Amino acid sequence: MATLRERKSYRDQVLRVLYEAVEGNRLLGITGAQLRRDLHVPEQDLAAACTYLAGEGLIAVDWEPGNTPAMVTLTHEGIRRMEAEEERAATGPA
């Protein structure tokens, strides 16, 4: 089982990779297989990260049997969060 630090890292990585892959477009998504390849995250930890993020309303997940993400998309709230982080990074520390 992943540590708390690893779980948080996986969640952040899922959001970042998804946001970059779809360029902030809610109509686009990526497959769970692509996420797994890009992140090198164990399948069970990827499923846990996606479940958490979906529960927070940041992503939407279509599931395959066995709790495997088939398709993952950002929600409106997920895009807003990632855009806010991008803006913070661009302006630097206050």
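Select H40 to begin: with 68% relative accessibility, H40 counts as exposed, because that value is over the 50% cut-off. H40 belongs to the loop that runs between helix 2 and helix 3. Check its backbone too: phi is positive, about 55°, although H40 is not a glycine. Keep in mind as you go that this is a predicted model.

**Either side of the loop**

From H40, step back to helix 2, residues 32–39. Helix 2 lies across strand 1 and strand 3, and its direction makes an angle of about 75° with strand 1.

Now select residues 43–55, which make up helix 3. This helix lies across strand 2 and strand 3, running at about 135° to strand 2. If you like a quick geometry check, helix 3 offers one: its 13 residues, at 1.5 Å a residue, should span 18 Å, and the C-alpha atoms at its ends are indeed 18 Å apart.

Which residues of helix 3 are buried? Colour D45, L46, A47, A49, C50 and L53 to see them. The buried residues of this helix pack against helix 1, helix 2, strand 2 and strand 3.

For a contrast, pick Q44, also in helix 3. Q44 has 55% relative accessibility, so it counts as exposed. Draw a C-alpha to C-alpha distance from Q44 to G66: the two are 22 residues apart in sequence and 9.8 Å apart in space. Just after helix 3, stop at G57, where phi is positive at about 80°.

**The hairpin**

G66 is a good place to go next, since your distance line already ends there. G66 lies in the turn of a hairpin formed by strand 2 and strand 3, with three residues between the strands. Its phi is positive, about 85°.

Next to G66 in your selection, add N67, in the loop between strand 2 and strand 3. N67 has a positive phi of about 55° as well, and it is not a glycine. Is N67 buried or exposed? It is exposed, with a relative accessible area of 56%.

Show residues 59–64 (strand 2) and 68–74 (strand 3) together: they pair in the antiparallel sense over six bridges. Within that pairing, A60 stands opposite T73 of strand 3.

**The whole sheet**

Keep T73 selected and look for G29, which also stands opposite T73. That takes you to strand 1, joined to strand 3 by three bridges, with the two running antiparallel.

With the three strands on screen, you have an open sheet in the order 1-3-2, with antiparallel pairing. Strand 1 (29–31) and strand 2 are at the edges with a single partner strand each, so one side of each has no neighbour in the sheet. From one strand to the next, the twist averages 20°.

**Under the sheet residues: L74**

Select L74 in strand 3. L74 is buried, with a relative accessible area of 2%, well within the under 20% that defines the term. Its C-alpha atom is separated by 4.3 Å from that of I59, 15 residues away along the chain.

What does L74 touch, leaving aside neighbours within four places in sequence? Expand the selection and you will find L15, L18, Y19, V22, R26, L58, I59 and I79 in contact with L74.

**Helix 1**

Several of those names lead to helix 1, so show residues 4–22 next. The same geometry check works here: 19 residues at 1.5 Å a residue should span 27 Å, and the end C-alpha atoms are 27 Å apart, in agreement.

The buried residues of helix 1 are Y10, R11, Q13, V14, L15, V17, L18, Y19 and V22. Their cover includes strand 1, helix 2, helix 3, strand 2, strand 3 and helix 4 (76–91). Just past the helix comes E23, with a positive phi near 50°.

**Last stop: R11 and Y52**

Show the side chains of R11 and Y52. The charged end of R11 sits over the ring of Y52, 3.6 Å from the ring centre. If you then go looking for aromatic pairs, there are zero in this structure.

Conventions. Residues are numbered from 1 along each chain as its sequence is written. This is a predicted model: local features need pLDDT of at least 70, side-chain atom pairs count only at pLDDT 80 or more; totals for chains, interfaces and linings use all residues. Side-chain values use heavy atoms; hydrogens and water are left out. Rings of Phe, Tyr and Trp (its six-membered ring) pair if their centres lie within 6.5 Å; planes under 30 degrees apart count as stacked, over 60 as edge-to-face and the rest as tilted. A charge sits over a ring if NZ of Lys or CZ of Arg is within 6 Å of the ring centre and within 35 degrees of the ring normal. Two strands pair if DSSP finds at least two bridges between them. Helices (H or I, at least four residues) and strands (E, at least two) are DSSP runs, numbered from the N terminus. Axes are lines fitted to C-alpha atoms, for helices over the stretch in contact, and angles run from 0 to 180 degrees between N-to-C directions. Contact means heavy atoms within 4.5 Å. The expected span of a helix is 1.5 Å times one less than its number of residues. Buried means under 20% relative accessible area, exposed over 50%, partly exposed in between (1.4 Å probe, protein chains only).
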